[in-house]
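Dear colleague,

Please find below the structure that I am passing on to you, with its sequence. My findings follow directly after it.

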Amino acid sequence: MSRVLALALLAAVPFPGSVTAQAIPERPEDLRFPPSVFEPPPVSGLRFELGNGLPVYVVPDRGLPLVDVVVALPVGDRNEAPGEDGLASMTAAMARRGGAGESGPDELDDEIDALGARIQASSSWGRTVLVLDSGSESLDRGLELLASIVFEPRFDEARLEQAKENLRVRLLAEADDPRAVLEREWLRLVHGPASPRSRRLTQSSIAAFDRDALARFHRRHWSSRGAVIAASGDVEAESLVARLDELFGGWEPPPPEAGEDAKGLTQGLPVESAEPAAPAAVSPGWWTIDRPGTQAALAFGHRGALFDSWDDPGRWALMLLAEILDGPGAVSRLRSRLQLEEGLTYRVLTHFSLDVVTAATESERDRGMGEFRVFLETAPESAATAAAVVLEELRRLLGDEVPENEIATARQSLLARLPLLFDRAEAIAGRYAEDELLGRPHEYWAVYRERLLAVTAADIREAARRFLEPEESVLLVIGGRKAASRDPGFDELRDALGDPRPASG
């Protein structure tokens, strides 16, 4: 008997306990999962406070002689004033790259390398994060260097000029990048040109970056107010906290500026007493940017929901709705239609903001405004049909209750991913520190399963009606306009969203 035939016969014989082909359902939504029994690790014993009240979460893990320390600040793009576009990210980057304390940039780089450590700093919309990865034997000096970067960045002018030149080159390249153009125009159409969300890096804003501007932003916004530290790895909690207290325990917040309360929150009505912000786009309709090529990029959606509580029932329903529409788990209506059934798209990605804003003025509410977005890549001649499928699926969620088996699959997909949020010491410390940074109660994770199980089909349809406005959405298509006009879905889409109009590009 030949080896090939023997292997074929062996593969045809089921092993004891194996699942036969007949037991595998034809569709992902027919999958069944055993009940999740995961319980998040208790936070008790993990939280400490420095002398200034700065919270620290420590999760020891003696498996390897490595330590991870993260300092997170509630500072980012949203703190930039008009004309400061990109300043938060540049401040974070140059705090690390521009030298600190008594060390110039080259000396700082050399010493970090000699320790076998790594220190990184980055900033996004709502947070700035500094990360130290170090061996446990070199941790003490690594912490000293981390503290010097936080408190005494030098913002070396030569390094700053290098960084500015790199940004100028990148900005020129973005003009030819369809995704970069899509992002820029999408934010403008959805949030409006005056929104902080729509600000973008320009050559003039890059030119405005100088050492004084970075130092001023650092002095104004980098403080212990709202900050949190997470540490994990080969450490003894009490001794690490004592060392952190020596380095960070004297870090005090600056006095509140005009219009702020003692916690640094802008004074104004709490969100609970304000009318919910409508999640419609500022400039709804069908917009196009004509670009030759074999691929079109699309974005469809509108501004996102705002919640005033982490336990808002609508938020839990929206989590399941998002999973059903296009979650990364076993069920995704958009992927099933667009990729598996009709073969229309190369890629589909969907994002729902689930932001919680607990106190803000109307201006701050706009700063916290998230979004709902579906991103697609497809052939230009299929762009209108693909967008019409998205619109159809959104209308289905508005009009029809989701079948219970589909809800069960989506629910179990979410629950199956929950343990991954706590699967390492680093993840546990980071998750509970993030709770503190966002104002999310630790109990959120204890009731996670219970809240998802309580969501009904009627709740999901109500969430769709509350948070989805497909007829008031922006559809932005970057691709060949003539090819799109020959698409069989062109007329259907035009009836729903109006004639396509050229965006600025």
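S382 lies in the loop that joins β10 to α13 (383–399). In this predicted model, S382 counts as buried because its relative accessibility is 18%, and the cut-off for buried is under 20%. Apart from its neighbours within four places in sequence, S382 is in contact with L344 and D487.

The strand on one side of that loop, β10 (371–378), is also part of what covers the buried residues of helix α6. Others that contribute to this cover include α5 (157–174), β7 (285–290), β8 (296–303) and β11 (474–479). On α6 itself, the buried residues are V181, L182, E185, W186, L187, L189, V190 and H191.

Helix α6 spans residues 178–191, 14 residues in total. From its first C-alpha to its last it reaches 20 Å, close to the 20 Å expected at 1.5 Å a residue. Both ends of the helix deserve a remark. At the start of α6, a side-chain oxygen of D177 comes to within 3.1 Å of the backbone nitrogen of R179. Just after α6, G192 adopts a positive phi of about 95 degrees.

Helix α6 also takes part in lining a pocket. The second largest pocket has a volume of about 1,100 Å³. Its lining comprises 40 residues, of which D77, G86, S89, R170 and L201 are the closest to its centre. At least two lining residues come from each of α2 (87–97), β4 (118–123), α5 and α6. By class, the lining of this pocket consists of 17 nonpolar, 10 polar and 13 charged residues.

As to enclosed space, how many cavities of 30 Å³ or more does the structure hold? There are two. The second largest cavity has a volume of about 60 Å³. Among the 12 residues that line it, G304, A305, F352, F372 and F467 are the closest to its centre. Strands β8 and β10 each supply at least two residues of this lining, and both strands belong to the cover of the buried residues of α6 as well. The lining of the second largest cavity divides into seven nonpolar, three polar and two charged residues.

In short, β10 appears in three of the settings described above: beside the loop that holds S382, in the cover of α6, and in the lining of the second largest cavity.

With kind regards

Key: Residues are numbered from 1 along each chain as its sequence is written. This is a predicted model: local features need pLDDT of at least 70, side-chain atom pairs count only at pLDDT 80 or more; totals for chains, interfaces and linings use all residues. Side-chain values use heavy atoms; hydrogens and water are left out. Helices (H or I, at least four residues) and strands (E, at least two) are DSSP runs, numbered from the N terminus. The expected span of a helix is 1.5 Å times one less than its number of residues. Buried means under 20% relative accessible area, exposed over 50%, partly exposed in between (1.4 Å probe, protein chains only). Contact means heavy atoms within 4.5 Å. A polar contact is a pair of N or O atoms within 3.5 Å; within protein, one must be able to donate a hydrogen and the other to accept it, and residues adjacent in sequence count only if both atoms are side-chain atoms. On a 1 Å grid over the protein atoms alone, a cavity is a set of points where a 1.4 Å probe fits but cannot get out, and a pocket is an open set with protein on both sides within 12 Å along at least five of seven lines; lining residues have an atom within 4 Å of a point. Grid points are joined across faces, edges and corners, and a volume is the space filled by probe spheres set on the points. Ala, Val, Leu, Ile, Met, Phe, Trp, Tyr, Cys and Pro count as nonpolar, Asp, Glu, Lys and Arg as charged, and the others, Gly among them, as polar.
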